[in-house]
Amino acid sequence: MSLSDPIADMLTKIRNALRINAKQVEIKASGICEGIAGVLKQEGFIEDFDRIDDGNQGMLRVVLKYNPEGQPIINEIKRTSKPGRRIYSGAGELPHVLSGMGILIVSTSKGVMSDKNCRQANVGGEILCTVS
């Protein structure tokens, strides 16, 4: 597995864990991955996350969230901006995901935020991924 794109690796590990109904997944820690996990928790897509210090880079333990029937809360999580093609958007041009039922996770000058918070703060940035 290539670690040149930690965001894509994080999203892939979450997708794979959801497919096997895992309770939690461990991901190599980085500032951007911690920001994405924070937005997912704030928006109610995951239960919780915490950083585990292993003496090296560290790990993020992400506790996944399921509904009472056992179906995952996250239906789709997809990388938008990639290392080969960055996608940027201003606050006014941020697209809506599933008519507001999903979110965009955006890297801004004020940190990693959801599209809703970007519109409120009137900041744009790089669209990292979509979650629905």
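Start by selecting Asn-21: it comes right after helix α1, and its phi is positive, near 55°. A word on the ground rules: this is a predicted model, in which local features need pLDDT of at least 70, side-chain atom pairs count only at pLDDT 80 or more, and totals for chains, interfaces and linings use all residues. Numbering starts from 1 along each chain as its sequence is written, and side-chain values use heavy atoms, with hydrogens and water left out.

**Zoom out**

Show the whole chain as a cartoon. You should find 3 helices and 8 strands (DSSP runs numbered from the N terminus: helices are H or I with at least four residues, strands are E with at least two). Tracing from the N terminus, the order is α-β-α-β-β-β-β-β-β-α-β. Along the principal axes, the C-alpha atoms fill a box of roughly 40 × 40 × 25 Å. The radius of gyration is 14 Å, which agrees with the value near 14 Å for a compact globule of 132 residues (taken over C-alpha atoms; the globule rule is 2.2 Å times the number of residues to the power 0.38).

Colour by burial next: 42% of the 132 residues count as buried (under 20% relative accessible area; exposed is over 50%, partly exposed in between, with a 1.4 Å probe and protein chains only). Among contacts between residues at least 6 apart in sequence, 61% join residues at least 24 apart (contact means heavy atoms within 4.5 Å).

**The three-stranded sheet**

Select β1, β2 and β3. They form an open antiparallel sheet in the order β1-β3-β2 (two strands pair if DSSP finds at least two bridges between them). The edge strands are β1 (24-28) and β2 (46-52), each pairing on one side only. On average, neighbouring strands here are turned by 20° against each other, direction ignored (axes are lines fitted to C-alpha atoms, for helices over the stretch in contact, and angles run from 0 to 180 degrees between N-to-C directions).

Now pick β2 with β3 (residues 59-64): 6 bridges join this antiparallel pair. One to click on is Phe-49, whose bridge partner in β3 is Val-62.

Then hop to Lys-28, in strand β1. Is Lys-28 buried or partly exposed? At 39% relative accessibility, it counts as partly exposed. Draw a distance from Lys-28 to Leu-60: the two are 32 residues apart in sequence, yet 6.1 Å apart in space, C-alpha to C-alpha.

**Two helices on the sheet**

Select helix α1 (residues 6-19), which packs on the sheet, touches β1 and β3, and makes about 165° with the direction of β1. Its end C-alpha atoms are 20 Å apart, which agrees with the 20 Å that 14 residues should span at 1.5 Å a residue (the expected span is 1.5 Å times one less than the number of residues). Show side chains for Ile-7, Asp-9, Met-10, Leu-11, Ile-14, Ala-17 and Leu-18, which are buried. Their cover includes β1, α2, β3, β4 (77-79) and β8 (125-131).

Helix α2 (residues 31-42) lies across β1, β2 and β3, running at about 155° to β2. Its buried residues are Cys-33, Gly-35, Ile-36, Ala-37, Val-39 and Leu-40. Just past α2, look for Gly-44, with a positive phi near 85°.

**Into the core**

Which residues have the most contacts inside the largest nonpolar core? In this set of 29 residues, they are Ile-14, Leu-40, Ile-46, Leu-64, Ile-74, Ile-105 and Val-131 (a nonpolar core is a set of buried Ala, Val, Leu, Ile, Met, Phe, Trp, Tyr and Cys residues joined through side-chain atoms within 4.5 Å). At least two residues each come from α1, β1, α2, β2, β3, β6 and β8. The largest share, 6 residues, is from α1.

Centre on Ile-74. Leaving aside neighbours within four places in sequence, Ile-74 is in contact with Ile-14, Leu-18, Phe-45, Ile-46, Val-131 and Ser-132. There is also a second, separate core of 8 residues, including Val-106, Met-113, Cys-118 and Ile-127.

**Last stop: the hairpin**

Select β6 (residues 103-108) and β7 (residues 111-114), an antiparallel pair joined by 4 bridges. The hairpin linking them passes through 2 residues. Ser-107 stands opposite Val-112 in β7.

Finish on Ser-114, also in β7. At 0% relative accessibility, Ser-114 counts as buried. Beyond its neighbours within four places in sequence, Ser-114 is in contact with Val-39, Glu-43 and Leu-104.
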